[in-house]
Amino acid sequence: MSDSKQNAQSRFILASLLAMLVFYGYSYFFLPKNTPTDNANTAQTVVTATPTPETAQQPIQAQNQTQITDSTPDDNPNKSVTIKTPLYQVKLDSRGAVATSWILIKNVSTQNPDGKPLFADGSTKDDKKPLELVPPEALNRNPRELPFRLATGDPNLDNFINQRNYQISANEENIEIAAGQAKQIDFVLREEASGVEAVKTFIFSADSYVTDLKIKLTKNGQPVPNTKLLIGASPGDQGIEHHNFYHIESEAVAFVKGDIERHLGASIVPSDKNEGSLILNGETDWAGIGDAYFAMAAIPAQQVNGLEFRASKYEVETKPFYDGIISWITRSETTKETRHLITAYVTISADGSSTKIYTGTKDYFVLTDYNKILTDSVGRTIDIEDFVNFSNYSWFRWLVKPITVPIVGALNFLNNFTNNYGVAIILFTLLFYSLLFPLRWYQSKSFKKSAENAPKMKDLQDRLKEMQKKGIPADDPRMRELQMEQLKMTKDALPIGGCLPMLLQFPLLIALYTAVTVSIGFRQATFLWLPDLSASDPYHFLEFGFALSMILAMKFTPQAAVVTPEQQMQQKMMTYLMPVMMLWIMWSAPAGLLIYWLFGNVVSFVQQIIINRINKPKEPPTEEIVSSVPKNAKKVNPKFSTS
């Protein structure tokens, strides 16, 4: 095989690998997995047979079960109490002493002390919907799958403490807690015959997303062992019409054995079943459920050994939507979606110890504020900031997180001046591509020199072929001389140098993708015709503009010199195939990410025009026909031939 073909194939393989890196790297690191997972050999998937989370615990002997009959009257009337603070609004129901509604009102952190109002997905200026975290499906099920239920493994006891009405200490139905204040509300349930007493004490603070929940569950005066507090099912933004790769449905998250665990409902429930269970072994610091931007987590007073997540799937009717570029082209709308309800079973001490309940945003800066608050409260290190999904894989997270956090900070800083995240992204892109300008200039010089050497290189290759045909050995001095000339021509014109700017952009692109998808600042941030920079362009202008700009940028960017028709065909394929492939990958990507890439291509195009002018080739002197010889012209003595 000739050197030219080898070089051509090498360049084509390199370009293909780069394209595959984008495609498979994106799919591997960021798209949700729909298969059961085993994280560090600590997870165990179990298929449950019945949809009763209160009763499906470890087997208990019948003689040890609490004897409470259905004929025992429920003397307490059903009541509800609504607690409103500047940060959230909670509605608690006396039946089971559970939360039937939890609405987030404002996102407040040390970086944003004034706070940002929060509304449900799909809200507009004229129609601002409350940001409800409790799913209607969980509320309408029988039994209800609501936060703060208890599970002991005793079916009779579980049914009693979760279905009966508690006495409420608060007399009023609506309680408003002013800034700087706190309010305690007690729920009490007793059954004299069995000796069961259940007390749930909620302490709400007006200035904190953390609620203190004290659980006291005793039988004949002794705390009931193996009591579990249930978080869920599936708290998250209930205004989302349909979920996708970027607006994920709620997932199970826990900090187990010093590392973060993440599991989507689809990975807990087998594809051929409606329900499933996931058991995690090891010391657990906290556990919870959350979607892309909002979460609820329980932080027990002490580390607990082991954790369980349970999930069930169900179908909902949705507004018609296209679930991908193929369905958009074929105009095949989808009207159904499979969703999951996930509940965390967190072991607690039923002796009245306080469990911290965090219910708020997954804003990185908010969570870092609460790291110290929770650490001081429970007396051990709590890293609840890991609720933010920088990556599903710990070995990759260490690279993405240190890049993503400064990017989020920089974009927030720029937004403080521009008061618009779209403009902030454009300014950030301009600054970053300005840093890449020297590399692009060096890239252009390398390809220019390579193009200038192309005719000479082809001549050398032809001469080498002729010498090979004549049987001249490779170690012949004449062959070595031609090979040395080839090496000299390739000096300072290595094609790999042209890939450096692209390689440098990959970590930033991944980090910026993460920043756009995890930073709550982009959520519902408007720009021009875009209603939400964390969602896709509703008209898909950005996707097609991005693909077109990518083609133009590649066509006007100097490429490695080609000397054969095969090389020309390969370059054309990469010029058009890569943008088409990226259009498919980035379809419905967050608008903020597409703005970065589209504007980056525009900046690259402008930079290339400037570079082409700077590196404009010197034109050789031309001959000019004149009518008379200039006076200052140098006389040239004629040379006479002797032939």
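**Briefing: a strand hairpin, its sheet and two loop residues**

Gly96 adopts a positive phi near 90° in the hairpin formed by strand 3 and strand 4, where four residues lie between the strands. The structure is a predicted model. The points below begin with this hairpin and the sheet that contains it, then turn to Arg380 and Tyr539, each of which lies in a loop between two helices.

**The hairpin and strand 4**

- Strand 3 (residues 88-93) pairs with strand 4 in the antiparallel sense, and six bridges connect them.
- Within this pairing, Lys91 is placed opposite Ser101 of strand 4.
- Strand 4 spans residues 98-104, and seven of its seven residues are buried, so the strand is largely enclosed by the rest of the structure.
- Strand 4 is also joined to strand 7 (residues 131-132) by two bridges, again with an antiparallel course.
- In that second pairing, Ile103 faces Glu132 of strand 7.

**The sheet as a whole**

- An open sheet of five strands has the order 7-4-3-2-10, with mixed pairing.
- Strand 7 and strand 10 (174-176) are the edge strands, as each of them pairs on one side only.
- In a regular strand, side chains alternate between the two faces of the sheet.

**Arg380 in a loop between helices**

- The loop that holds Arg380 connects helix 6 (364-378) with helix 7 (394-418).
- Arg380 has a relative accessible area of 15%; this is under the 20% limit, and the residue therefore counts as buried.
- Its side chain reaches the backbone oxygen of Ala301 at 3.1 Å.
- Beyond its neighbours within four places in sequence, Arg380 is in contact with Asp285, Thr375 and a set of residues comprising Ile299, Pro300, Ala301, Gln302 and Gln303.

**Tyr539 and a nonpolar surface patch**

- Tyr539 belongs to the loop between helix 10 (500-518) and helix 11 (541-556).
- The relative accessibility of Tyr539 is 53%, which is over the 50% limit, so this residue is classed as exposed.
- Together with Leu528, Trp529 and Phe541, Tyr539 makes up a nonpolar surface patch of about 500 Å².
- The two loop residues thus fall into opposite classes, because Arg380 is buried at 15% whereas Tyr539 is exposed at 53%.

Definitions and conventions. Residues are numbered from 1 along each chain as its sequence is written. This is a predicted model: local features need pLDDT of at least 70, side-chain atom pairs count only at pLDDT 80 or more; totals for chains, interfaces and linings use all residues. Side-chain values use heavy atoms; hydrogens and water are left out. Buried means under 20% relative accessible area, exposed over 50%, partly exposed in between (1.4 Å probe, protein chains only). A polar contact is a pair of N or O atoms within 3.5 Å; within protein, one must be able to donate a hydrogen and the other to accept it, and residues adjacent in sequence count only if both atoms are side-chain atoms. Contact means heavy atoms within 4.5 Å. Patches are made of residues with over 30% relative accessible area and no salt bridge: like charges are joined within 9 Å, nonpolar side chains (Val, Leu, Ile, Met, Phe, Trp, Tyr) within 5 Å. Accessible areas come from the Shrake-Rupley method with a 1.4 Å probe; for residues, only the protein chains shown count as cover. A salt bridge is a side-chain nitrogen of Lys or Arg within 4 Å of a carboxyl oxygen of Asp or Glu. Two strands pair if DSSP finds at least two bridges between them.
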